[in-house]
Structures are given as C-alpha cells and as structure tokens.
Amino acid sequence: MEIKNISSGIKIYFPQKEKETAEIIENACNQSVSLINEMWGLALARTCHLYVMTSCPQFILLSAPWPFRLFYAFTFPLWFFHVQRVWSFSGGWFQRYRKKLVIGIKSIGQLAKLDTSIGKKIFVDEDDLRKKLENIACHEITHAFSCHLKLPLWLNEGIAMVTVDALRGKPTVKNSSLDLLKPAARQRAPLKYRKILNAEKDVIAYHYARGYWITRFLLDTQSGLMKEVLNKKLRYQQLEKMIASGFNTSTKNFWRKIDQMVIEHFKGTSSLH
C-alpha cells in the first residue's frame, strides 16, 4: 500500500495500480481544503486517513483501528450484506472511529460500475469519471472537516453538496430534484444516519435533495445564521431551535413548512410565511 502525505493533514493510502486515482484525489483535496475553510470557516481537527477503495471488505478491514478490525472480522456475516447494499450506490464513505477520521473513495474503475439509480434523481449527469472522482473527494473531505460538529444528516450532506458546487463553479444538483420535495404528504422530520442506509431509494433521494436545497435556502436567506450554526458544536435540539427561531417559528412548524418554503423560493416566489 502506497502513501501520499498532503500538507493539509490528509494521508492517501492506495494500491500502486491506483496511482492515477490517488493523484486525482490529491488535486481535489488541495482545491477543496481552501474552499471549505473559506465557505464554512472549518479546519481539519486531526489527520484524516483517505483510502482508495477497490472492494468493500478490503476498505472496512484495512481502515479500521485494530479493535474494530477484530470486531468486524468476527461479525462479518452480520454487517456484510447491509454494507454491500450501500457499496453498490456509494462512491465515497466517511467514518469516524473515536479519534481516527477515515475516508474511502472508490477507484475510477469501481466508479464506472456504480449503481446510479439514486444519483440520477439528484445530480447533474457527469460522464467524466475524473471530475466525478473529484466531486466525491470534495464531498467526503467536507464531512471530515465538519465531523466535530456532529451535524444532522440534512445539514451535513447539504454543506458537502454545496461545497462541490463551489468546486465546479456551477450547480451539480439538478433543478428537477426540487420535485422530490413536492408531495404535501411528505412534511417529514429529518432522518438520521442510522436510518437512512436502510431506507428505500426514493426516501434516500428525498432526504439528500432536501438537505441540499434547505442549505442553499438558508445561505440565500439566513447566511449569518448559517455561519453561527457552524461556528460551534451545538446539540441537535439547539441547532434546530436556532434555525427555526431565525424564521420566527417553532421547530415543529419549521419542519412542517420548510419543503414548501424552499420550493417557493427557488421557483421564483419569495413567501416565507
């Protein structure tokens, strides 16, 4: 296993045959670090270990600290099929093991085999695998920089997706993904990470698109509030209450109304009530 040390505090681990993938990721890291700091005021809390993934078990067993490796080895049948499902449609992975930060990003060869049934509902089509690889690296690195805040899924994914927009200099999420927020029956409370991976694909697409559009909505209408939310670690209830208060409403009403507020804002109307 080869190792690249990046000055930003990221170490890239890769098989020799994946040198091209590692070089693309290194370039994306260098661009992303300055963006993340400029946009969100976030810095990397500790060294992040980034692995080029060529198989699911290989990444999990190689990247985990020794106590976790033993646990995963003994419980392999209990987690493998669940994780393999996620592997099929995920190009990148962020994992925190107490003090160790780990990112896994698929090699270019693995990206070519990706199940895009969820991604096509959300992202602008990108046929250039090098650019797709850069986007995934930027997304996962943003997670590493924000992990100490323990953000809820919608905001954690939202700022990562918006950071990729900044990397590319244009939206990478389809305008049509706003339609995923439309059904009035949704009005769902935010989903947590431990539930999202077991959810149906349409539900996953909804919550990721929702996180992106709410984050953009907050940047457009409450940019000062966004900076305040990301300035310090808050309990989940505190964060929700702070955001809802920014719109002079309760947490319950905010989540009941937010989808429609977002749709109206981005469809050209400005009603926030």
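Where in the chain is asparagine 248 found? In this predicted model, asparagine 248 sits in the loop that runs between helix α12 (236-245) and helix α13 (251-266).

**View 1. The loop between α12 and α13, centred on asparagine 248.** Although asparagine 248 is not a glycine, its phi is positive, at about 55°. Most residues other than glycine have a negative phi. The residue counts as exposed, because its relative accessibility is 75%.

**View 2. Lysine 150 in the loop between α7 and α8.** Lysine 150 also has a positive phi, of about 50°, without being a glycine. With a relative accessibility of 58%, this lysine counts as exposed, and it is one of the residues that line the second largest pocket.

**View 3. The second largest pocket and its lining.** The space in this pocket comes to about 220 Å³. Its lining is drawn from Lys150, Leu151, Pro152 and Leu153, together with Pro190, Leu191, Lys192, Tyr193 and Arg194, and is completed by Tyr236. Sorted by class, the lining has 7 nonpolar and 3 charged residues, and no polar ones.

**View 4. Asparagine 135 in helix α7 (residues 129-146).** Asparagine 135 counts as buried, since its relative accessibility is 14%. When neighbours within four places in sequence are left aside, its contacts are with Val164, Leu167 and Arg168.

**View 5. Isoleucine 136, also in helix α7.** Isoleucine 136 counts as buried at 14% relative accessibility. Not counting residues up to four places away in sequence, isoleucine 136 touches Gly91, Gly92, Ile105 and Leu111. For orientation, isoleucine 136 and isoleucine 258 are separated by 122 residues in sequence and, from C-alpha to C-alpha, by 27 Å in space.

**View 6. Asparagine 175 in the loop between α8 (153-168) and α9 (193-196).** Asparagine 175 is exposed, with a relative accessible area of 55%. Between the C-alpha atoms of asparagine 175 and tryptophan 213 the distance is 9.6 Å, while 38 residues separate the two in sequence.

**View 7. Cysteine 48 and cysteine 56, with the cysteine sulfurs closest to them.** The structure holds 0 disulfides. Cysteine 48 takes part in none, and the nearest cysteine sulfur, which belongs to cysteine 147, is 8.0 Å away; a disulfide would need the two sulfur atoms to be within 2.5 Å. For cysteine 56 the closest cysteine sulfur is that of cysteine 48, and because the distance is 18 Å the two are too far apart for a bond. Cysteine 48 counts as buried at 1% relative accessibility, and cysteine 56 is buried with a relative accessible area of 1%.

**View 8. The whole chain, as the setting for the close-up views.** The chain has 13 helices and 5 strands, and along its principal axes the C-alpha trace spans about 55 × 40 × 35 Å. The radius of gyration is 19 Å, which agrees with the value near 19 Å that a compact globule of 273 residues would have. Buried residues account for 49% of the 273 residues. Among contacts with a separation of 6 or more, 70% are between residues that lie 24 or more positions apart.

Technical notes: Residues are numbered from 1 along each chain as its sequence is written. This is a predicted model: local features need pLDDT of at least 70, side-chain atom pairs count only at pLDDT 80 or more; totals for chains, interfaces and linings use all residues. Side-chain values use heavy atoms; hydrogens and water are left out. Buried means under 20% relative accessible area, exposed over 50%, partly exposed in between (1.4 Å probe, protein chains only). On a 1 Å grid over the protein atoms alone, a cavity is a set of points where a 1.4 Å probe fits but cannot get out, and a pocket is an open set with protein on both sides within 12 Å along at least five of seven lines; lining residues have an atom within 4 Å of a point. Grid points are joined across faces, edges and corners, and a volume is the space filled by probe spheres set on the points. Ala, Val, Leu, Ile, Met, Phe, Trp, Tyr, Cys and Pro count as nonpolar, Asp, Glu, Lys and Arg as charged, and the others, Gly among them, as polar. Helices (H or I, at least four residues) and strands (E, at least two) are DSSP runs, numbered from the N terminus. Contact means heavy atoms within 4.5 Å. The radius of gyration is taken over C-alpha atoms; the globule rule is 2.2 Å times the number of residues to the power 0.38.
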